[in-house]
Each structure stands twice: as structure tokens, then as C-alpha cells.
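Let's take a relaxed walk through a protein model. Have a look at the sequence and the 3D view, then read on.

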Amino acid sequence: MLKTYKSSFKPNIIPVSLDQYVPKVELKEYLKINDAIYEVDSKAENGMTFSRLLNCQYSNTLKKMDPDHLVALATEVIPNYSCLVFCPTKKNCENVAEMICRFLSKQYLKHREKEKHEVIKNLKNISSGNLCPILKRTIPFGVAYHHSGLTSDERKLLEEAYSTGVLCLFTCTSTLAAGVNLPARRVILRAPYVAKEFLKRNQYKQMIGRAGRAGIDSIGESILILQEKDKQQVLELISRPLENCYSHLVQEFTKGIQTLFLSLIGLKIATNLDDIYHFMCGTFFGVQQKILLQEKSLWDITIESLRYLTEKGLLQKDTIDKPKEEIQYSFHITKLGRASFKGTIDLAYCDILYRDLKKGLEGLVLESLLHLIYLTTPYDMASHCDPDWMIYFRQFSQLSPAEQNVAALLGVSENFIGKKASGQPIKKKVDKDIVNRLYLSFVLYTLLKEANIWSVSEKFNMPRGYIQSLLTGAASFSSCVLHFCEELEEFWVYRALLVELTKKLTYCVKAELIPLMEVTGVLEGRAKQLYNAGYKSLTHLANANPEVLIRTIDHLSRSQAKQMVSSAKMLLHEKAEALQEEVEELLRLPSDFPSIAASSEKA
């Protein structure tokens, strides 16, 4: 029997403050109304005190173009220090970046000129020679915009250039405040709005929190530009406490509490009603139930959610009879529930996915990838899609007979869009979600054929960052659908097809480059170089000499060459081991093989 002993040893803990090592950076908050700048002061009667007047010599043209004096505020710190300008919309980010550069002096072009040219060169290299015309004009001045319309590779390059001081000013949306660590000496808020919504206190704090670099700057500044009409709201904004943090477990119903219950039962963490309720009481939502729940109790919500999952066919209820006790219920996961759980499918769409896959079996069109792509286009992105009907009509008219069969199976005929006398399209009555999803399928299908985000972005008039997000979402959802199908025997036909499609969506390159893309450190450009140099497979690359690679492939360092060869060898080794295990499994004597003794007894 184990014994526990109470130790008399007490460690001598000396409290250490991080302030001893990281000096605090003073953050000064300012408000700008017309030409006057006020410092935020909680001790003042109205929450602010006058600081200074902006002394800037503006021409009439500049006054019209820059009524908020962004150029004057930015040039007080750049290029020696960095500056972030938060704008309400993505389009506003681009416009402000161009406007600032239009009025900057030519001296800014000379600041770290060679490094800025290198940034432009690298942007072209990662985009197959393409470059956004706005960035082409602004980067020489050390200015760039930053929002979700950029691809992830573009954002990464620009962020590195900003972090090293090559770029000194970003015009950006509020997402940069929460997701990326890019501090600045001065942060300017173009307006107290995010899109059309007025700023919340926590959003404001996130944005101004970018000001000041610990260990680099001794001070940080934030300037919120506002109009007289917003003055009262802004004064309330800067003085009120942060918004409370509340659980969204029930608000996000299918992604929250129902998914949680399905996971609990699928993992057998809690399978009966009492255990599930007890688990819920320990969640953040359970702690806040008195605040969040007015009409229903936590017990009621637990029962309702379990009933919903049961009615949807994801759970099955069992009765447990206990002597001298009340009847209790336990739950076990159904085949559809397990498929949804293993595939991490949003429960709002699991029955729709099942129906779509079932319908697909009736006439799966394999002459092109369009049908499979449609089945793996994310439902949630389709629900927020707003098709350009002229582009839709043009794409639809270019479909091959096989691809038109796909549309027909979905209930979308060639006449689903009519035409007015003016040539404008008329949308006929067709399921909006199907039409939107098919439109996004066209985007993905074109992308897989052309493998160029820039040309697809132009063809569909969509931001390249959105197209990349769609591609990433489709690759992820394709993998989810694959796991969903693996749990349901009736969908066996999809398994091999989805394995290949997931690879195509993940890498989005020509089929011959996919094996090379699996190697660590190999992106599309490098894969093309290797393929053109004769290294067309993992076997070729695994047997390559790093020294020969360095001489053959442009801009390849010795460490990169060694890493690629090592990664290719490891991948080959893993594949060989998997095949060896399969061979051993085939040659292994079955555990239920009849023995000689058993045969003798029967005789």
C-alpha cells in the first residue's frame, strides 16, 4: 500500500518582477480633432487635455486629398521610426497608402533603397512574376498596405521587411492588431470605426497596444482621428472599462455545445446524462450560467442539445435500469455521428453533406474534377458568397458537356440565368446555396487548371487573399470529407478520389510537381526548378548530391540543399516502412488459422 508523506521542506521563493529585465514603455494616447491634438487624461474633467496644434504647411491640393493630416502625422516619425495607420476597410488601406506616397518627398526613396528593391524582387518571385501595382508604387517610399486581400506569402514578406525597418509605414485593418506582433513608435487610427461598426473598447486597446517597442523604444504614441460628431462617443470609449468576456458555447450552437457533447460521447469521456451535465457545470459557460441564462436552466439546455443530436441521428439513447433508483439514460454515438466526429464536420452541415455525397453516388461525373471539387467546397464560405452574375454566366457558358452534367445533377441548368434585353442576367429560382457553392467550385476548378492565383483573381474579380483562403479552406474540408467517408462503408468509392484531390488542393500545382512539394522547404518555384533540372521524383531528390544541387539550382544554399535531400530520404524511408508493414501483414499467419490438433479431432 502506498503511503503519502507530508514534506516539511519549504522552498525559499524570491518573487522576481519582469520589470527588472524588461523596462516599461510609456504609452501616450492622443485624440485629434481638426488641427488640435489632445492628450487622453483620466484626471481631466472631460477626459482629455489640450496638447498642441498641428503646424503643417499644406497646399490646397493636399488639404483636399488629406483633410486628416495623415501625411503630417506620419512624417513626424518615419522613416527613422515605424508607424501603423489603422483604416476602417481594406480599400481604404490601399487608398491611404497611395495617397501618403503621392505627397512624400523624393528623399524617402533613398532610405534603404537597395533593400526595398530586394523586397519588390522577392514579391515577384513568390507570385510568378506578378506584383500588385499599388505595392509597386508604395514600397520604394517604405510604405505598404496590409490586409486579408494579400496572400500569406506576400504578408510574410512585407511583415519581415517592416520588422527589419526596410518598410516604415503600414496602412492596415484591425486584424493586424490582434494577430500579428508588429509594434510601432506611432499608431494612428484613421477613424473610430471598424467597417461601419463603432470601435469597442477592447478593439481600441488592441490597436493602440501596438505602439511602443519594448527594448527598442522608450515611448509609444497613439493618435485617434475623430470628427466632432463622434466626439462624445469617443470620450465614452476612452473612459469606460473593457467589455466583459462571455462564453459563446451556446451562441455558436452547432460549433459549440453540440460538437462538445458529440466529442464527449465519442471519446467516452461522459456518456450518461448526469456525467454530461456535471462536465457542463465545470465549463466557462457553466460558471457564467447565472449571467447568461435567463429563460432556461443549464439542465434544460443540456437535455435539449442531446435531444437535438439524437433526432439528427448522431446519437442513440439507451435506457439504464437501476433497482430502487430512477431510470437513467446513456448515449452512444451512431455511424453518422462517428463520421461527423472523426471528420470534424460542422454539425449544421453534416446531414447536408451526407445527402450531397449520397446524391453524388447516383451519377458521379469523373470526366473532370468539377463534381468532386463541388462536394469539397466549404459550406460556410458558400453561404457568404456574393457571385458576380456576369462572370458566372460567362463561366457557365464555357462548361464542357461533362461539366454541364454536373450542374444538371445539382439542379442548375444552362438556363438558370436568363438575360434581359439590356444583356443583364436574370437569376431564376434555384437554391441559392447550391448556386453560390457552384460558383466557388468554378473558382477552385479554374485555379487547379491554371495554378495561378493572380490570373484567377483577375478572371473572377476577387482578392487574391480571399482565393487563397478559399483554396486552404477547400483543402482542409476535403480532408474532413475524406475522414467522414472512411467511417461510412457506403461512401467507399470517394476514399481514393479524395486522397488525390486533397493533395491537389493542398499544393495547387501541376500534377508532376506534387511529389516534390511534399519535401520540406520546397515551394512551387523551387519544385519547378528541380523538375526542370531532372529531379522529377522523391527518388531522384533523395539520391541527389547536395553539392551538385547547389551548382544546378539558382539561389540554393548548401544548408537548403542538404535539408531537401535529407527530407526526401526520410519521406522515402517512411513510404518503404509503410509498404514493409503491408507486406508483413499479408504474409502473417492469421490468428484464427485452423490448427492441426483441431483438424485431427474433427477427423
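Among contacts in the protein with a separation of 6 or more, what percentage comes from residues 24 or more positions apart? The share is 65%. Keep in mind that this is a predicted model.

## The overall picture

Let's start with the whole chain. The protein has 603 residues, and 43% of them count as buried. Its secondary structure adds up to 31 helices and 14 strands.

Now for the outside. The accessible surface is about 34,100 Å², and carbon and sulfur atoms make up 52% of that.

## Two nonpolar cores

The largest nonpolar core holds 80 residues, and the ones touching the most other members are Leu 357, Leu 438 and Phe 484. Helix α24 (residues 464–486) gives this core its largest share, 11 residues. Two domains chip in as well: domain 2 (255–333) and domain 3 (344–507) each supply at least three residues.

Want to see who Leu 438 meets? If you skip its neighbours within four places in sequence, Leu 438 is in contact with Tyr 374, Tyr 392, Phe 396, Ala 407, Leu 410 and Val 412. There is also a second, separate core of 73 residues, with Ile 37, Ala 161, Leu 199 and Leu 226 among its members.

## A closer look at helix α7

Ala 161 of that second core turns up again among the buried residues of α7, alongside Glu 154, Leu 157, Leu 158, Glu 159 and Tyr 162. Helix α7 covers residues 152–163, which makes 12 residues. From its first C-alpha to its last it reaches 16 Å, close to the 16 Å expected at 1.5 Å a residue.

Look just past the end of α7 and you'll find Gly 165, which takes a positive phi of about 90°.

## Salt bridges

How many salt bridges does the count come to? The answer is 21 salt bridges. One of them pairs Lys 205 with Glu 29, and their closest N and O atoms are 3.5 Å apart. Lys 205 sits in helix α9 (residues 201–208) and Glu 29 in strand β1 (residues 26–33), so this pair ties together parts that are 176 residues apart in sequence. Are these two buried or exposed? Lys 205 is partly exposed, with a relative accessible area of 31%. Glu 29 counts as buried because its relative accessibility is 15%, and buried means under 20%.

Another salt bridge joins Glu 98 and Arg 137, with the closest N and O atoms 2.5 Å apart. This pair also links distant parts of the chain: Glu 98 is in helix α3 (residues 90–102) and Arg 137 is in helix α6 (residues 133–138), 39 residues apart. Glu 98 is partly exposed at 22% relative accessible area, and Arg 137 is partly exposed too, at 46%.

## One more pair and a network

Further along the chain, the side chains of Glu 585 and Arg 588 meet in a salt bridge, 2.4 Å from N to O. Glu 585 counts as exposed at 51% relative accessibility, while Arg 588 counts as partly exposed at 48%. The labels differ because exposed means over 50%.

Salt bridges can also join up into a group here: Arg 52, Glu 76, Arg 186 and Glu 221 are linked in a network of them. Try finding those four residues in the 3D view.

How values were computed. Residues are numbered from 1 along each chain as its sequence is written. This is a predicted model: local features need pLDDT of at least 70, side-chain atom pairs count only at pLDDT 80 or more; totals for chains, interfaces and linings use all residues. Side-chain values use heavy atoms; hydrogens and water are left out. Helices (H or I, at least four residues) and strands (E, at least two) are DSSP runs, numbered from the N terminus. Buried means under 20% relative accessible area, exposed over 50%, partly exposed in between (1.4 Å probe, protein chains only). Contact means heavy atoms within 4.5 Å. Accessible areas come from the Shrake-Rupley method with a 1.4 Å probe; for residues, only the protein chains shown count as cover. A nonpolar core is a set of buried Ala, Val, Leu, Ile, Met, Phe, Trp, Tyr and Cys residues joined through side-chain atoms within 4.5 Å. Domain bounds come from an automatic or database domain assignment. The expected span of a helix is 1.5 Å times one less than its number of residues.
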